[in-house]
Amino acid sequence: MMIRAASRVATVLQRDVRPVSAISCVHLDGFPNRSTDPGVEQITRYASPAPVHRIQMRCISTGRHLFSVSNVQDVEAKEGFLKRFITKMGWIDNSATRLRVSSCLLYESVVDHINYNEFFELYDMPDTFNTWFLITELHVWMLLVRAMAEGAEKGAAGRFMRNCIVETMWNDVTTRAKQLTMDNPSAVRPQIQQLSEQFQAALISYDEGISYDDKALAAALWRRFLGGRCDDYEKLELLVEYVRKQTATLDQLSRYDFAIKPNLKWAPLVDRKQQAVV
């Protein structure tokens, strides 16, 4: 389900979301063909990801009072009927406020709980603002894919959450960029503009990768995340497995645990069993 949603993320994101009000997102074309990337053709085998199955949402109440009666017993009776009806239908609170709060919490789960140093050390990445953005971008993309599984149509909860997550990200990125360039505020705008263009391109590249096979995903990660500078294909394989594992975990979250009261725990890049090997 998430793979079908992935193909719609980058296509509709550009016309709905702006990183900041003064900046227009630019759509980039002309990615190298995934089969022509140097080194990627040498990767001939990856562990096949476990099949992904959506877990049916459990009974949830909206918590809203839709009846106005004076008798307390009538209220309890009507409330009980309403809860049973909502439970049977599987409805949840899709209010814009609730979804916006959930989107902020999902983004915060990335910047507050992802171990950035783990990526810096394993992939020999410099501890810079641009590298921080690359790691954040990858995890935000995974959130967007999951969000679009909640509905990609105009006005749907998933599409609204997608826009809110991206808006939250750009607000955070802009704030961080201003703090780093306090002595030169004029440098913020072109820097955010460049990141915006790269972000749009990354969404398309990652969507294409996850929609095909592990070779295509490895090519996308090698081009964008690693900048074409990783010659250790075991580490590239580890990154592919990490993305597959995280997207499968996100897909298994119920709608309640993702969209209403986010309960998301990101797995480490390298688990204890792999640490001795790596």
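Is D172 buried or exposed? Keep that in mind as you click along; this is a predicted model.

Start by selecting D172 and R176. Their side chains form a salt bridge, with the closest N and O atoms 3.0 Å apart. Both sit in helix α6, four residues apart, so about one helical turn separates them. Now for the opening question: D172 counts as buried, at 17% relative accessibility, while R176 is partly exposed, at 29%.

Stay with helix α6 (residues 157-180) and pick E167, then add R100 from helix α3 (residues 96-113). These two form another salt bridge, and here the closest N and O atoms are 3.3 Å apart. The partners are 67 residues apart in sequence, so the pair ties together separate parts of the chain. Colour them by accessibility and you'll find R100 partly exposed at 37% and E167 partly exposed at 35%.

Next, jump to R244 and D214. Their side chains meet in a salt bridge, 2.9 Å from N to O. R244 belongs to helix α9 and D214 to helix α8 (residues 214-225), so this pair links parts that lie 30 residues apart in sequence. Both R244 and D214 are buried. For a network, select R146, E150 and R255, which are joined by salt bridges that share partners.

Finish on helix α9, residues 233-252. Its 20 residues should span 28 Å at 1.5 Å each, and the end C-alpha atoms are 29 Å apart, which agrees. At the start of α9, look for a side-chain oxygen of D232, within 3.1 Å of the backbone nitrogen of E234. Then scan along α9 for buried residues, including L236, V240, Y242 and L250.

Terms used. Residues are numbered from 1 along each chain as its sequence is written. This is a predicted model: local features need pLDDT of at least 70, side-chain atom pairs count only at pLDDT 80 or more; totals for chains, interfaces and linings use all residues. Side-chain values use heavy atoms; hydrogens and water are left out. Helices (H or I, at least four residues) and strands (E, at least two) are DSSP runs, numbered from the N terminus. The expected span of a helix is 1.5 Å times one less than its number of residues. Buried means under 20% relative accessible area, exposed over 50%, partly exposed in between (1.4 Å probe, protein chains only). A polar contact is a pair of N or O atoms within 3.5 Å; within protein, one must be able to donate a hydrogen and the other to accept it, and residues adjacent in sequence count only if both atoms are side-chain atoms. A salt bridge is a side-chain nitrogen of Lys or Arg within 4 Å of a carboxyl oxygen of Asp or Glu.
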